[in-house]
Amino acid sequence: MAIGATTGEPEPSETLRVFGSVVKAFRKRAGLTQEQLAEALGYSVDMISSIEQGRRMPQPDFVDATERELDAVGMLSVMLPHVVRRPGLASRFRQWALLETEAMSLYTYECRVAPGLLQTEAYARAVVLDVPPLPTNDELNQRLAARLERQELLSTDRTPPCAFSFIIEEAIFLRRTGGDAVTRELLDHILRVSRENWNVEVQVVPVQQPVHSGLDGPMQLLETPDHTWHAYAEGQETEVMISAAKSISVLHQRYAKLRSQALTPEDSVRLLERLRGAL
């Protein structure tokens, strides 16, 4: 998500706590301890405790199993789309953010700003402040904190690590959003991530590229643990989650073409290094 490109209201931070309280209430109504519920569901006691205390993001599989076990009449499923880990994620983005936490693969093409998962705090701040309406100081801090937290998804400590592919337009760096110092830091950060995170592949589309399959705009493709694919796209005051197989197929074709039209990961690193050296 382009952090400055959405203006939805942030979800209140108490959503996780409220969800956990509802799970706890249904568990007690069923006369079960946390240990008994954990055994029935096949999860750890720590998982149950963390969710009830609002410290852990509930996943769809957990919600489905818990509703069946506790006879929760669909209430948890109704609540789930409204749950986010912390303030700062626009409400219309929260469903995609939930899928990201368990994704096996995540492909991102961006032509407007650096992908959120690769942004620095200074770059994210510049993007937020560039796009009206201007946020309050609290809103700004919430959005920045949420952006930095999402970047934990890049970690190779996940089991298994998510495989990331980023295709980024060279023009994004030439624009120098936030100024030269911010752009230098951004380039250094992306170069460091591409070198240190073996699960991250970065490709750059050069400015001069006569054949281009991404002219319809940015897109993201995501693979879930059960190998289902979803897509997400957003623009001016619009956003859409895509799950229809035919549409996903079309986007896969476009992304595959873009991969062949962009520079190789090795050549992309060399281009980013040249851009960094020119600043």
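Which residues form one aromatic cluster with W229? They are Y107 and Y255, which join W229 in that cluster. Welcome to this structure, which is a predicted model. The protein has 12 helices and six strands, and the points below walk through its overall form, its aromatic pairs, its nonpolar cores and two buried residues.

**Overall form**

- The secondary structure of the protein comes to 12 helices and six strands.
- The radius of gyration is 20 Å, close to the 19 Å that the globule rule gives for 279 residues, so the protein is as compact as a globular protein of that length.
- Taken along the principal axes, the C-alpha atoms fill a box of roughly 65 × 40 × 35 Å.
- Of the 279 residues in the protein, 49% are buried.
- The protein exposes about 13,400 Å², and carbon and sulfur atoms supply 51% of that area.
- Among contacts with a separation of 6 or more, 76% come from residues 24 or more positions apart.

**Aromatic pairs**

- The structure holds five aromatic pairs, and two of them are described here.
- Y43 and F62 make an edge-to-face pair, because their ring centres are 5.3 Å apart and their planes stand at 70°.
- Y43 lies in the loop between α2 (34–41) and α3 (45–52), while F62 belongs to helix α4 (residues 60–70), so this pair ties together parts that are 19 residues apart in sequence.
- The two partners differ in their cover: Y43 counts as partly exposed at 26% relative accessibility, whereas F62 is buried, with a relative accessible area of 2%.
- Y107 and Y255 make a stacked pair, because their ring centres are 5.2 Å apart and their planes are at 15°.
- This second pair links distant parts of the chain, with Y107 in strand β1 (residues 105–110) and Y255 in helix α11 (residues 245–261), 148 residues apart.
- Both Y107 and Y255 are buried.
- Y107 also has a charged partner: the charged end of R259 sits over its ring, 4.7 Å from the ring centre.

**Nonpolar cores**

- The largest nonpolar core has 32 residues, and F164, F166 and L272 have the most contacts inside it.
- At least two residues of this core come from each of α6 (94–100), α7 (121–130), β2 (163–169), α9 (170–175), α10 (180–196), β3 (200–205) and α12.
- Helix α10 gives the most to this core, with six residues.
- Leaving aside its neighbours within four places in sequence, L272 is in contact with F173, L187, I190, L191, V202 and V204.
- Another core, of 22 residues, lies apart from the largest one, and its members include L16, V22, V23 and M79.

**Two buried residues to look up**

- L16, one of the residues of the 22-residue core, lies in helix α1 (residues 15–29).
- At 4% relative accessibility, L16 counts as buried, because the cut-off for buried is under 20%.
- The C-alpha atoms of L16 and I51 are separated by 7.8 Å, although these residues are 35 residues apart along the chain.
- S268 lies in helix α12 (residues 265–277), and at 0% relative accessibility S268 counts as buried.
- Beyond its neighbours within four places in sequence, S268 is in contact with V202, Q203, V204 and L263.
- V202 and V204 therefore appear in two contact lists, that of S268 and that of L272.

Notes. Residues numbered from 1 in each chain as written. Predicted model: local features only at pLDDT ≥ 70, side-chain atom pairs only at ≥ 80, totals over all residues. Heavy atoms only, no water. Phe/Tyr/Trp six-rings, centres within 6.5 Å; stacked < 30°, edge-to-face > 60°. Helix = DSSP H or I, 4+ residues; strand = E, 2+ residues; numbered from the N terminus. Buried < 20%, exposed > 50% of the residue type's maximum accessible area, 1.4 Å probe, protein only. Lys NZ or Arg CZ within 6 Å of the ring centre and 35° of its normal. Contact = heavy atoms within 4.5 Å. Core = buried A, V, L, I, M, F, W, Y, C linked by side-chain atoms within 4.5 Å. Rg over C-alpha atoms; globule rule 2.2 N^0.38 Å. Areas by Shrake-Rupley, 256 points an atom, 1.4 Å probe, with all protein chains shown as cover.
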